[in-house]
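Q: I should like to learn how to read the sheet, the helices and the pockets of a structure. May we take them in turn?

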Amino acid sequence: MKILLYPDKRLRKRAKPVQKINEKIKIIINDMFKIMECNEGIGLAATQVDIHLQIIVIGKINNLCNPFALINPKIIKKSGSSGIEEGCLSIPKKKIFVPRYEKIKIKGINEKGEKIIFTAKSLLSICIQHEIDHLIGKLIIDYF
């Protein structure tokens, strides 16, 4: 498993929903955490490692959260405006200001198959929005 780099066309593929959480999905998630951490990232979408399933992993972000995986994520509510210069593991050494929502309510499934709904704000919100963009083939350069 390695990170795809822009302009690789596979980064533009839309990810499909995960139908069943099985051992294969758990291995993918575990490998994604390892790859993200080895590359000093705070988030990673399965699309970035050429797996076109709706899976994202988020690392420890300051004191905002512990690492977690989110399967079939969907933003169900958004408010406020925010934005920072974002980097991306698929576009190394490039930072682009991306407008984002300050606060989002999101639903999905965790790696245990449990439905989850939570609210994220500030950097956690930005990171989740960034990774969800990857699942629809959108990159930070599209905001430039």
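A: Let us begin with one pair of strands. In this predicted model, S3 and strand S6 (residues 103-109) pair in the antiparallel sense, over 6 bridges. Within this part of the sheet, Lys78 stands opposite Ile104 in S6.

Q: In what order do the strands of the open sheet follow one another?

A: One reads a sheet across its strands, from neighbour to neighbour. Here 5 strands form an open sheet, and the order is S1-S2-S3-S6-S7 with antiparallel pairing. Strand S1 (43-45) and strand S7 (115-121) are the edge strands, since each pairs on one side only. From one strand to the next, the twist averages 40 degrees.

Q: Which strands does helix H1 touch, and what angle does its direction make with that of S2?

A: For a helix on a sheet, one asks which strands it touches and how it is directed. Helix H1 (residues 23-38) packs on the sheet and touches S1, strand S2 (55-58) and S3. The direction of H1 makes about 40 degrees with that of S2.

Q: Which strands does H2 touch?

A: H2 also packs on the sheet, where it touches S1, S2, S3, S6 and S7. Its direction makes about 150 degrees with that of S2.

Q: What is the volume of the largest pocket, and which residues lie nearest its centre?

A: A pocket is read by its volume and its lining. The largest pocket holds about 380 Å³ of space. Its lining has 21 residues, and Ile42, Glu86, Gly87, Cys88 and Leu89 lie nearest the centre. Strand S4 (82-88), strand S5 (91-100) and helix H2 (122-135) are the elements that give two or more residues to this lining.

Q: How do the residues of that lining divide into nonpolar, polar and charged?

A: The lining of the largest pocket has 9 nonpolar, 5 polar and 7 charged residues.

Q: Which residues line the second largest pocket, and what is its volume?

A: The volume of the second largest pocket is about 190 Å³. Arg14, Ala15, Gln54, Pro73, Lys74, Ile75, Ile132, Leu135 and Ile136 line this pocket. By class, they divide into 6 nonpolar, 1 polar and 2 charged.

Q: Which element supplies the largest share of the lining of the second largest pocket?

A: The largest share, 3 residues, comes from S3. Strand S3 (68-79) and H2 each supply at least two residues of this lining. Both elements have appeared already: S3 pairs with S6, and H2 packs on the sheet.

Notes
Residues numbered from 1 in each chain as written. Predicted model: local features only at pLDDT ≥ 70, side-chain atom pairs only at ≥ 80, totals over all residues. Heavy atoms only, no water. 1 Å grid on protein atoms, 1.4 Å probe; cavity = no way out; pocket = protein on both sides within 12 Å on 5 of 7 lines; lining within 4 Å. Points joined across faces, edges and corners; volume = space filled by probe spheres on them. Helix = DSSP H or I, 4+ residues; strand = E, 2+ residues; numbered from the N terminus. Nonpolar A, V, L, I, M, F, W, Y, C, P; charged D, E, K, R; others polar. Pairing = 2+ DSSP bridges. Axes fitted to C-alpha atoms, helices over the stretch in contact; angles between N-to-C directions. Contact = heavy atoms within 4.5 Å.
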